[in-house]
Amino acid sequence: MTRSVTESMHELLYRRNPMFSFEFFPPKDEAEKKVLAASLEELAGLDPCFVSVTCGAAGSTRDLTRDLVCSFQEKYSFGVMAHVTATGYSRRELAELVKDYRRHGVMNFLALRGDPPRAGVNWTPPADQPDYALEVVKIIRDNAPGVSVGVAAYPETHPSAASPEADLQHLGEKVAAGADFAVTQMFFDNDHYVSFVERSRRAGIDVPILPGIMPITRIGQAERFETLCQVSVPTALRSALESGEKAGTTREIGVSFATAQATDLLRRGAPGIHFFTLNQSRACHTVFAALQAMGWKSNR
Ligand SMILES: Cc1cc2nc3c(=O)[nH]c(=O)nc-3n(C[C@H](O)[C@H](O)[C@H](O)COP(=O)(O)OP(=O)(O)OC[C@H]3O[C@@H](n4cnc5c(N)ncnc54)[C@H](O)[C@@H]3O)c2cc1C
């Protein structure tokens with residue numbers, strides 16, 4: 001298939017407002033591959049602007065991520081963004097990775113520090129692994145001229161940040177180093193996003209800040225996100241999910257909450273929506289289709 005997307009994520013964020021993107025992780029076995037292929041087929045039918053591919057904690061999926069990004073880039077007509085993490089890579093390996101992606105036509109990167117390995121996994125970081133995402137931004141800028149570079153942002157503050165002010169300052173440093181957009185951590189109260197964007201603008205951070213959302217389909221997910229990502233789940237949503245658990249309707253509740261959340265975000269000026277899919281298309285597909293039916297479509 002001839003590739004038709006030549007615009008970068010950064011350009012699309014301005015031109016195709018609202019811009020919709022979907023995040024996937026690389027499948028580790030045949031069963032996961034089938035799930036991903038089915039999800040992609042379903043979502044591709046709704047003409048998303050972009051998909052992104054995560055890199056597992058401490059670079060644990062490095063080859064899988066690289067191969068999946070390159071195959072998406074080759075095969076699909078929507079844009080592709082590679083997550084590039086410091087964790088698990090030396091500076092030299094990061095430079096090589098970015099050059100390799102560029103040779104394969106990849107023009108969009110999400111520069112991250114990355115997660116550490118899961119507790120109990122025996123792991124020694126490379127001696128010259130960068131400490132923060134800031135350096136990943138610089139390595140990408142130095143080794144892949146002309147690409148678009150995004151970074152992560154945290155409306156409820158990154159869990160290990162010294163303070164919300166320090167976290168915002170570090171976001172500003174990533175932007176000053178060349179990041180041209182940001183994608184947020186998931187959140188469930190839009191006021192967190194709106195006030196975060198206001199604080200960012202006051203701090204002089206003027207790049208598009210794309211909100212990341214995730215339809216919750218099980219109460220256990222809400223608990224996990226609260227613990228792992230330290231994002232707050234509003235009491236009303238939690239109670240609704242708990243009632244839904246008994247009635248077998250958590251999926252419908254999560255989807256309808258995410259649809260209302262996305263609609264409100266777009267009305268309040270968000271440049272688009274980044275969906276954390278967990279490789280499951282149904283919930284995100286339902287939300288995306290509902291947004292399109294309400295007229296929230298990207299310009300062509
Ligand atoms: C949209 C999105 C996608 C993600 N995709 C992945 C993925 O594919 N793979 C993965 O492993 N993880 C992923 N993550 C998780 C992310 O990598 C972790 O949350 C990680 O702990 C922080 O990454 P970061 O890029 O925000 O780091 P950084 O921007 O480096 O910040 C990390 C922490 O250090 C602080 N900090 C930054 N600079 C300094 C400094 N100079 N001095 C002191 N403190 C500093 C920040 O305030 C923050 O608390 C993703 C997160 C988001 C929001």
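Here's a quick briefing on the ligand site and on one lysine in this structure. The model is predicted, so to speak from the start: local features need pLDDT of at least 70, side-chain atom pairs count only at pLDDT 80 or more, and totals for chains, interfaces and linings use all residues. Residues are numbered from 1 along each chain as its sequence is written, and side-chain values use heavy atoms, with hydrogens and water left out.

**Around the ligand**

- The ligand is surrounded by 24 residues (each with a heavy atom within 4 Å of it), and the closest are Cys 55, Asp 115, Tyr 154, Asp 167 and Lys 174.
- That shell splits into ten nonpolar, nine polar and five charged residues, where Asp, Glu, Lys and Arg count as charged, Ala, Val, Leu, Ile, Met, Phe, Trp, Tyr, Cys and Pro as nonpolar, and the others, Gly among them, as polar.
- At least two shell residues come from each of strand E3 (79-85), strand E4 (108-112), helix H6 (164-176) and strand E6 (181-186); helices (H or I, at least four residues) and strands (E, at least two) are DSSP runs, numbered from the N terminus.

**Atoms facing ligand oxygens**

- His 83 has a polar side-chain atom 2.9 Å from an oxygen atom of the ligand.
- For His 158, a polar side-chain atom also sits 2.9 Å from a ligand oxygen atom.
- Gly 114 uses a backbone N or O atom, 3.0 Å from an oxygen atom of the ligand.
- On its own the ligand exposes 980 Å², and the protein buries 86% of that (Shrake-Rupley method, 1.4 Å probe).

**Lys 33**

- You'll find Lys 33 in helix H2 (residues 30-44).
- Lys 33 and Gly 254 are 221 residues apart in sequence and 25 Å apart in space, C-alpha to C-alpha.

Methods:
Polar contact = N/O pair within 3.5 Å; in protein donor to acceptor, adjacent residues only side chain to side chain.
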